[in-house]
Amino acid sequence: MSDMKIMVGVKRVIDYNVRVQVKSDGSGVVTDGVKMSINPFDEIALEEALRLKEAGKAAEVIAVSVGPSQAQEQLRTALAMGADRGILVTTAEQPQPLAVAKIFAALYAKEQPGLVILGKQAIDDDAGQVPQMLAGLLDVAQATNASKVELEGESARVTREIDTGIEVIEIRLPAVLSVDLRLNEPRYVKLPDIMKAKKKPIETIDAQALGVERLTFLRVIKTSTPPARQGGHKVGSVEELVQELKQRGFV
Amino acid sequence: MARVLVFGELGSKGLNSGVAKAVRCAMDLQPAALDVLCLVADESQEGIKQAARLQGVTKVLVRIHDAFAEPLAAVMGNALVEMAGDYTHILAANTTVGRDILPRVAARLGVQQISDIMRVESERVFDRPTYAGNAITTVEAPEGMVVVATVRTASYRAVPEEGDAVVEAQPFNVSPPSHTRFVERREAKGERPDLQTARKVVSGGRAVGSSENFQIIANLADRLGAAVGASRAAVDAGYAPNELQVGQTGKIIAPDLYVAIGISGAIQHLAGIKDAGTIVAINKDGEAPIFEIADLGLEGDLFKVIPELEKLLP
Ligand SMILES: Cc1cc2nc3c(=O)[nH]c(=O)nc-3n(C[C@H](O)[C@H](O)[C@H](O)COP(=O)(O)OP(=O)(O)OC[C@H]3O[C@@H](n4cnc5c(N)ncnc54)[C@H](O)[C@@H]3O)c2cc1C
C-alpha cells in the first residue's frame with residue numbers, strides 16, 4: 001500500500017441553493033443567518049481523495065480549510081465523509097487566492113503530500129485560481145478541470161473538460177489537481193460517521209505562523225447588485241411564439 | 001500609459017474567438033501599446049494573420065518552440081512570465097486555456113490575478129462577477145504591479161478584423177518541464193455554429209430525457225441556424241457532451257437569442273445567459289423559475305411544442 005498523503009481543500013461558502021443578496025451599503029453580501037456549506041467542488045475533490053485511499057493508492061487524507069473559525073463545521077463534515085484529520089488555517093480577514101495558495105504551499109512543505117486536490121472554483125468568489133497558483137508556486141504539474149483521474153504509481157493520467165471537448169494529459173507526482181463536476185458523485189454523510197468524526201483531530205494554525213502575513217492584494221472597493229433582467233410575458237400558443245420571433249427578426 | 005499583452009490563444013480552428021474580445025477590453029485601457037502573443041510550434045498558422053488583423057493591435061509577437069504545440073500551462077505560463085517585464089497588463093480570454101495558464105503566471109509574478117473582467121473603470125479598477133453573477137465586485141489592483149487578468153468574453157464584442165499589425169516572429173528558448181505530457185484531445189467536429197460565439201443558441205435540459213431525444217434539440221437548432229447548448233443536468237446524464245454546458249461552471253454566453261427547453265432555470269444555469277438578448281423558455285411547469293427572466297415563455301410539453309414549432313417555422 002502506498003504511503004502517500006493527499007491534501008484537499010475545503011472552503012466554507014454560502015450554500016449553492018441560497019439566493020445571494022448584496023448588502024445595501026455595498027460592503028459585501030448578506031451572510032447573517034445564511035446556510036453555509038462546503039464548496040461543492042471541494043466535496044468532489046474530497047470524494048476523489050477518499051476513493052484513492054480506499055483503492056489503496058493513498059494512506060492519509062488531510063482536509064484543509066482556510067478562513068474563519070466557523071470553518072470548523074465544514075472540516076467536521078469532511079472528517080465525517082472520511083478524511084483522516086483536519087487543518088484549520090485561521091486568517092484575520094477573508095484571504096485572496098494568492099494568499100490561500102501561499103498557505104497551501106506552506107502546508108505542502110510541512111506535510112509533503114503526493115497530491116493536492118482542490119475544487120476548480122469556489123462558488124462564492126468564482127475566481128478559479130488557487131490550484132494553478134499553488135502549482136506555479138511549487139513548480140509542479142497541474143491538471144485542472146479533471147473529470148477522470150487514473151493514478152498509477154508516481155504518475156497520473158488525467159482527463160480534463162475543456163471548451164472544445166476533452167483533453168488527456170499525463171502528469172508526474174507531486175502534482176495539483178483541480179476537479180470538475182463530473183469527476184464523481186460525493187457520498188452522503190451517515191450519522192455514525194458524524195459521531196466518529198468527533199474524535200478525529202483538527203489542528204488550528206494561524207496563517208502568520210505559516211509565514212503568510214499578507215492576505216489581500218486587491219482593494220475591494222464595493223460589491224453591487226447587477227441590473228436585473230426584466231422578465232417578459234408568456235405566449236398562449238406556438239403560433240404566437242413564432243409570430244414574436246418573426247417580429248424580432250429571429251426567423 | 002498602459003502597455004498591454006494579450007495572450008493570443010490558438011486552437012484547431014485558428015485564433016480563439018475570445019482573443020478579439022480580450023483585445024476590446026484591452027482597448028478600454030487606452031494603451032500606448034497593445035501586443036498579442038502567439039506561442040506556436042509552427043509559425044505558418046492562420047491564426048497569427050488573424051491576430052494581426054484585429055483592430056487596435058500594435059504588434060503580434062510570435063514565439064516559436066516545439067513545446068508550444070500544445071497549450072500546457074506549465075510551458076506557456078513560463079513563457080508569459082518571461083515576457084511580462086515589458087507590460088503593465090497581461091490579459092487572456094477566460095477560456096479553459098486562459099484560466100489554466102494565467103493564475104500560474106500571476107503566482108510566479110507574485111501578483112493577485114483578477115478573474116473575469118466585465119468592465120474597465122480605469123487602468124487599475126475593474127468590475128468582476130461573483131456568486132454566479134449575482135453580485136458584482138469592484139476591485140483595484142495595487143500601483144506598481146503588473147495587472148494579470150482574464151476577460152469575461154460575454155461582456156465584450158469582438159473588435160473587427162480591419163487592422164494590419166506588424167508580426168514579429170522569433171524562436172524562443174524554453175526548457176519544458178518533464179512533469180507534464182500531452183496525450184490527446186477529443187474535439188467534436190461538426191458544421192454547427194460554435195456555442196461561444198453563436199448569435200442563436202437552443203439548449204436542452206434534463207426533461208429531454210435521453211441522448212437520442214437530444215437530437216430533437218439539435219434539429220431545432222439546425223432549423224434556426226443556432227448552436228446547441230445544455231444544462232448541467234443534461235450533461236451529467238450523458239444526453240449532451242460537456243463542452244455544451246451553459247452556466248456558472250460551463251460556458252458563459254451572450255447570444256441574441258437563447259431558447260431554453262425543459263430547463264428549470266437554476267441560478268447556476270442563469271449565470272451563463274445573463275447577457276443574452278432575447279430569452280425564450282419552453283417548459284411544462286408554469287411556475288419554473290426560468291419564466292421569471294424569460295422574455296418569451298411558452299408553457300407546454302416540449303415533445304408536443306417542438307414538432308409544432310418546426311412545422312410553423314418558415
Ligand atoms: C457547483 C454547481 C455548479 C453548477 N453549475 C451549473 C452550470 O454551469 N450549468 C447548469 O445548467 N447547471 C449547473 N448546476 C446545476 C443546477 O443547480 C441545476 O441542477 C441544473 O441547472 C438543472 O438542470 P435542468 O434545468 O436541466 O434540470 P431540472 O432542474 O430538473 O429542470 C427540468 C425542467 O424541465 C421541465 N420539464 C419536464 N418535462 C418537461 C417536458 N416534457 N416539456 C417541457 N418541460 C419539461 C421541468 O418542469 C423542469 O423545470 C450547478 C450546480 C452546482 C451545485
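Student: How do you know that B:C38 is not bonded to another cysteine?

Tutor: In this predicted model, the sulfur of B:C38 has its closest cysteine sulfur in B:C25, at 18 Å. A disulfide requires two cysteine sulfur atoms within 2.5 Å. The distance of 18 Å is therefore too far for a bond.

Student: What makes the sulfur of B:C25 unable to form such a bond?

Tutor: The closest cysteine sulfur to that of B:C25 is in B:C38, 18 Å away, which is too far for a bond. Over all chains, the structure holds zero disulfides.

Student: Why is B:C38 called buried?

Tutor: The term applies under 20% relative accessible area. B:C38 has a relative accessible area of 0%, so B:C38 is buried. B:C25, at 1% relative accessibility, also counts as buried.

Student: Why is A:K196 called exposed?

Tutor: A residue is exposed over 50%. A:K196 has 53% relative accessibility and therefore counts as exposed. A:K196 is part of helix α5 of chain A, which comprises residues 191-197.

Student: How far is A:K196 from A:R248 in space?

Tutor: Their C-alpha atoms are separated by 61 Å, and the two residues are 52 residues apart along the chain.

Student: Which residues touch the most other members of the largest nonpolar core?

Tutor: They are A:L115 and A:I117, in a core of 104 residues. Helix α3 of chain A, residues 97-111, gives the most to this core, with ten residues. Leaving aside residues up to four places away in sequence, A:L115 touches several residues, including A:M4, A:I6, A:L52 and A:L177. There is also a second, separate core of 53 residues; among them are A:V235, B:I263, B:I293 and B:V305.

Student: Why is the ligand site called shared between chains?

Tutor: The site is shared because residues from chains A and B surround the ligand. The surrounding residues number 29, and the closest are B:R206, B:S231, B:V246, B:S264 and B:N283. Helix α1 of chain A and helices α6, α7 and α9 of chain B each supply at least two residues of the shell.

Student: What makes the approach of B:Q268 to the ligand a polar contact?

Tutor: A polar contact is a pair of N or O atoms within 3.5 Å. An N or O atom in the side chain of B:Q268 is 2.8 Å from an oxygen atom of the ligand, so the pair meets the cut-off. For B:R232, a backbone N or O atom lies 2.9 Å from a ligand oxygen atom. A polar backbone atom of B:Q248 is 3.3 Å from an oxygen atom of the ligand. The protein covers 85% of the 990 Å² of accessible area that the ligand has on its own.

Notes
Residues numbered from 1 in each chain as written. Chains lettered and ligands numbered in written order. Predicted model: local features only at pLDDT ≥ 70, side-chain atom pairs only at ≥ 80, totals over all residues. Heavy atoms only, no water. Buried < 20%, exposed > 50% of the residue type's maximum accessible area, 1.4 Å probe, protein only. Helix = DSSP H or I, 4+ residues; strand = E, 2+ residues; numbered from the N terminus. Core = buried A, V, L, I, M, F, W, Y, C linked by side-chain atoms within 4.5 Å. Contact = heavy atoms within 4.5 Å. Near = heavy atom within 4 Å. Polar contact = N/O pair within 3.5 Å; in protein donor to acceptor, adjacent residues only side chain to side chain. Areas by Shrake-Rupley, 256 points an atom, 1.4 Å probe, with all protein chains shown as cover.
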